[in-house]
Amino acid sequence: MKFMKTELKKVDSSHIDEMVMEEAAAIIRSGGLVAFPTETVYGLGADALNARASERIYEAKGRPSDNPLIVHVAEFTDMEQIAADMPPEARMLADAFWPGPLTMIVRKNDRVPRETTGGMDTVAVRMPSHPVALELIRRSGGYIAAPSANTSGRPSPTLAEHVAEDMDGRIPMILDGGPVGIGIESTIVDLTEEIPMVLRPGYITPEMLREVIGEVRIDPGIIASDSGQRPKAPGMKYKHYAPRADMILIDGEEERVIEKINALAREAEASGKRVGIIATDETRTRYGVGEVVCIGARQDEDAIARHLYRILRQFDHMEVDVIYSESFATPRIGQAIMNRLLKAAGHQVITV
Ligand code: TXA
Ligand code: MG
């Protein structure tokens, strides 16, 4: 891949700089790539209706080309323009959750090239709520294909600095809107089936979807830890979100978890390994060894989601060899958090 200079431009969400946005939009309109903030994670954007532009995303990320991209819109009517048919649930869910962290899958029409959808005849569509994202979409022609702006397999970026780590020299521009608000990727719901199905858990929970559209199923492939179930979203099958170190989750009653992590950490250090530990406000002082990083208060699931990917990247910088993490099956978005942790850990869990 040819090296190019990457410009990092700050944008303040409450006073969006028109000149910067126009420069960014011009890059997208001419088929180039711009990384930009959304409320979930940073996205790597290209013109979704331009096949060559979408291909550039796969090149920059090193992403397998069978893994489809999410098309970002700024108007509900723009979704109707690229869908072959619109199930009634799409309107209901858009009214309830758009703009916001929900992606809906519908059948696509011919305006969307197969390069954007990884060869599939369906398309995933989301209207983000971040003002910088909305402004960029509007100025770029209405349709921005954007996966998370990380190198394929690395933790998703929640800061512009994370994007720079992975994309410097590969894309012409990064819009820096500061830290994202949510920190894990959008919920994905497939509306092409008889009963809508959640393919990726996120901030919008199945319960919230059910309140709006009734029955909703959950793809068994996203919770199963060891079954042969294949997730329906192609991207969910890869070991993903992964730090460089080997990661192991410890699950069970708090006291026993602390005891087990201390024992494992001592053992690993004795064999010459650098150890990282993911702890909470409540437990951080209980670990006697290793690099202890605190993810937030156990009850504050929003904070846990917001800090997760940053911490995984932090351990890469600390060059730890093994990470032991407490587990966080919190009531609301706990499933989404555990889904990411399990993938980062390659499903290595010790139950105590
Ligand atoms: O929050 C988000 O959704 C972020 C921000 C940037 O908007 N984007 C994001 O994109 O997470 P990405 O590419 O990292 O994840 C998209 C996921 C992948 O697992 C992909 O396989 C799945 O969505 N997907 C996309 N289109 C699909 C389709 N037509 N059918 C099934 N799965 C699809
Ligand atoms: Mg991703």
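**Reading a sheet and its ligand**

Modeller: Let's start with one pair of strands in this predicted model. Strand β5, residues 102-107, and strand β9, residues 187-190, run parallel to each other and are joined by four bridges.

Biologist: Which residue of β9 is the bridge partner of I105?

Modeller: That is D190, so to speak the opposite number of I105 in β9.

Biologist: What is the strand order of the whole sheet?

Modeller: Strand order is read across the sheet, from neighbour to neighbour. Here eleven strands form an open sheet in the order β1-β8-β2-β3-β7-β4-β6-β5-β9-β10-β11, and the pairing is mixed. At the edges are β1 (7-10) and β11 (217-218), each of which pairs on one side only.

Biologist: Which strands do helices α2 and α4 lie across?

Modeller: For a helix, look at the strands it crosses and at the angle. Helix α4, residues 88-97, lies across our opening pair, β5 and β9, at about 165 degrees to β5. Helix α2, residues 51-61, lies across β3 (43-47) and β7 (144-145), and its angle to β3 is about 150 degrees.

Biologist: Now the ligand. Which residues come nearest to ligand 1?

Modeller: There are 26 residues around ligand 1, and the nearest are T40, N67, H72, S186 and G235. Next, look for polar atom pairs. A ligand oxygen lies 2.6 Å from a side-chain N or O atom of N67. For the side chain of R126, the corresponding distance from a ligand oxygen to an N or O atom is 3.1 Å. With P234 the partner is a polar backbone atom, 3.4 Å from an oxygen of ligand 1.

Biologist: How much of ligand 1 does the protein bury?

Modeller: Taken alone, ligand 1 exposes 680 Å², and the protein buries 97% of that.

Methods
Residues are numbered from 1 along each chain as its sequence is written. Chains are lettered from A and ligands numbered from 1 in the order in which they are written. This is a predicted model: local features need pLDDT of at least 70, side-chain atom pairs count only at pLDDT 80 or more; totals for chains, interfaces and linings use all residues. Side-chain values use heavy atoms; hydrogens and water are left out. Two strands pair if DSSP finds at least two bridges between them. Helices (H or I, at least four residues) and strands (E, at least two) are DSSP runs, numbered from the N terminus. Contact means heavy atoms within 4.5 Å. Axes are lines fitted to C-alpha atoms, for helices over the stretch in contact, and angles run from 0 to 180 degrees between N-to-C directions. A residue is near a molecule or strand if one of its heavy atoms lies within 4 Å of it. A polar contact is a pair of N or O atoms within 3.5 Å; within protein, one must be able to donate a hydrogen and the other to accept it, and residues adjacent in sequence count only if both atoms are side-chain atoms. Accessible areas come from the Shrake-Rupley method with a 1.4 Å probe; for residues, only the protein chains shown count as cover.
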